[in-house]
Amino acid sequence: MPTAAVIRLSALLLLALCLPALPALPAQAAHAAGSWKISGFPGGPAAELVLDPGNGSLTLAVSRRGAQVLAASPLGIVTERADLSQGLRFSQRRDRVVTERYATAAGKRLERHSVMRETTLSFANAAGARLELVVRVAKDGVAYRYRLPEDHGAVLREASAFIVEQDAPAWLARHRRDYENPFSPYTAASAPAADFMVPALFETGGGHLLVTESDLDGRYSGPRLAHEPGTGTYRLLLWDERVQVSGPLTTPWRVMIAGDLATVTESTFVDDLAQDSKVRDTSWIEPGPVLWTWLAGGREAGQSLDRQKEFVDYAAARGWPYVKVDAGWYFLKDQWDVTHPDWPATSWIPQLVEYARSKGVEIMVWVHFRELDTAEERALWLPTLHRWGVRGVKIDFMDAESQERLRWYDEILPATAENRLMVNFHGSTIPKGVQRTWPHVLTMEGVHGGEKRTLTTQHLTTLPFTRNVVGSMDYTPMAFHRESRPTSDAHELGLAVTYESGLQDLAGTVESYRARPEAERFLEQVPAAWDETRLLSGRPGDHVVLARRAGDRWFVGAGVSGAARTLDVPLTMLRGRWLVEVVRDGPNGLVREGHLVDGPRDRLSVPVPAEGGYAAIACRRRPGITTCDR
């Protein structure tokens, strides 16, 4: 086995070999006073920072291929003891290259390799208060964060803002504490005077720009974007009026993913910026499809052991690894004896776990935030669930990004990891790098999802380019039985691929699946963890065709908003001879058809009805292969 020293030396040699292919780092003395450029990677974005010689304020602009992505936008932070948004004087610049390899349990691809240029610019005001601005540039984006080396007291606000062209198309969602509002199309200037959620997507002369953040925790406070009406300016506001700080402070990253639409959609920049995993042994973390019973049976399902056994039987027949028991299971007073010294060990959940394991299925359970909001409750519930053999928890109704609530996340994350409980957060924030730092968080809601009754395909075809870019998204697809569903059957089926989620909660009734045998067949095949992701075609609010690879097979999900059309896409990810099995909408339900593909120049052409789509599996053609089924 190689020693640690040999491994480190090998890594340094690899970095040395890679660096000549990158643009040279600029020397500290090469920049003009008050202006600093951070060159990016070929075809990627670059950043320019300017210190105004008059008022000592900072701005940051982003360009790509010579075109503006972000206009010069203000920077700075104000605390109760220091205004570090103006009156600044430059002191020094430090540069380095940050290169990392890491693995995740879920996401667009499991193996990651990131290379980022990092520049740290140090400033001070007339009173000697110091500010460090840390900027990173990667092939798919630019990010910055503030670092205060000394304690300057509570943070009152940031001067941070994002300014884009006024006529830039924009896809925005009104701010809501649980991130569950739909995305709507505007131009940057025509959007109302309102607060909007992060992420926010814009289309600029330099390509698409997704504004989001990374590495948010209880050291700080959650953001929203306040639009100045009639302009392309979006100012960053914090949840708390005073963010409590003790000692030096490093803020979350303000992230700008920039590039063509495929670059934005496929980006892992948010995770690349996050802290590395705090869970050493991740062998127990296993993504997969989940038979979720809430929309399939409501509260009755959560209160019935016999009904849950029926769901287990169906999941076992499909080869699905998990069944999730939602609200109701611990509210049955006749099932509990709260005076019993072993409470809550009188539940029927252990019986269900034992029954499910005999069928090769594991159980996850829903828990309300109020049952876990104190250290005492966490010490009761989490070890008990682990002792019962429960594999994961869906924790619901946190409904805030205040510093206080973020500190709760800081406590629940290590506690669930210690008890080997995989996590699905609902009524929550969204994954801002948390899936790298705490890989047992396999999905989070934070989306106007399948439970809503006001869904549109315009919103659904925007999600892959907005919310789902930042991390796993528990939309809960496959509610075939719901009359409020806006999608065709094939469009709905394609969401199992279009929407990435480490725990893909499938929300249909058993009867609705059985009535659609081609959907059953496809869902038996589709995984919830991916080795590679490719955007084949798309336009926010219009259509999306996404391909994801798992092992040696590719899966494709497609959907349109509006009129019927033919989706004709390139299959550049395929080399050689392939069989592509497409499940699409037919006149009497879902139908499957095979397409033979030779080489990357071939295209896949599929007609879809209004609000329609398709799902597909691609496998290599070999003698005797007539289907991609396994």
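The largest cavity of this predicted model is lined by 16 residues. Nearest its centre lie Arg-112, Asp-271, Val-469, Val-470 and Gly-471. Helix H3, spanning residues 269-273, supplies three lining residues, the largest share. By character, the lining of the largest cavity divides into seven polar, five nonpolar and four charged residues. The space in the largest cavity amounts to about 100 Å³. A search of the whole structure returned eight cavities of 30 Å³ or more.

Strand pairing was examined next. An open sheet is built from three strands, in the order E6-E5-E11. The pairing in this sheet is antiparallel. Strands E6 (83-84) and E11 (155-158) form the edges, and each pairs on one side only. Strand E5 covers residues 77-79. Two bridges join E5 to E6 in the antiparallel sense. Val-78 has Asp-83 of E6 as its bridge partner.

Helix H13 runs over residues 517-525 and is mostly covered. Of its nine residues, seven are buried. The buried positions of H13 include the charged residues Glu-518, Glu-520 and Arg-521. Ala-519, Phe-522 and Leu-523, which count as nonpolar, are also buried in H13. Gln-525 completes the buried set of H13. Burial here denotes under 20% relative accessible area.

Technical notes: Residues numbered from 1 in each chain as written. Predicted model: local features only at pLDDT ≥ 70, side-chain atom pairs only at ≥ 80, totals over all residues. Heavy atoms only, no water. Pairing = 2+ DSSP bridges. Helix = DSSP H or I, 4+ residues; strand = E, 2+ residues; numbered from the N terminus. 1 Å grid on protein atoms, 1.4 Å probe; cavity = no way out; pocket = protein on both sides within 12 Å on 5 of 7 lines; lining within 4 Å. Points joined across faces, edges and corners; volume = space filled by probe spheres on them. Buried < 20%, exposed > 50% of the residue type's maximum accessible area, 1.4 Å probe, protein only.
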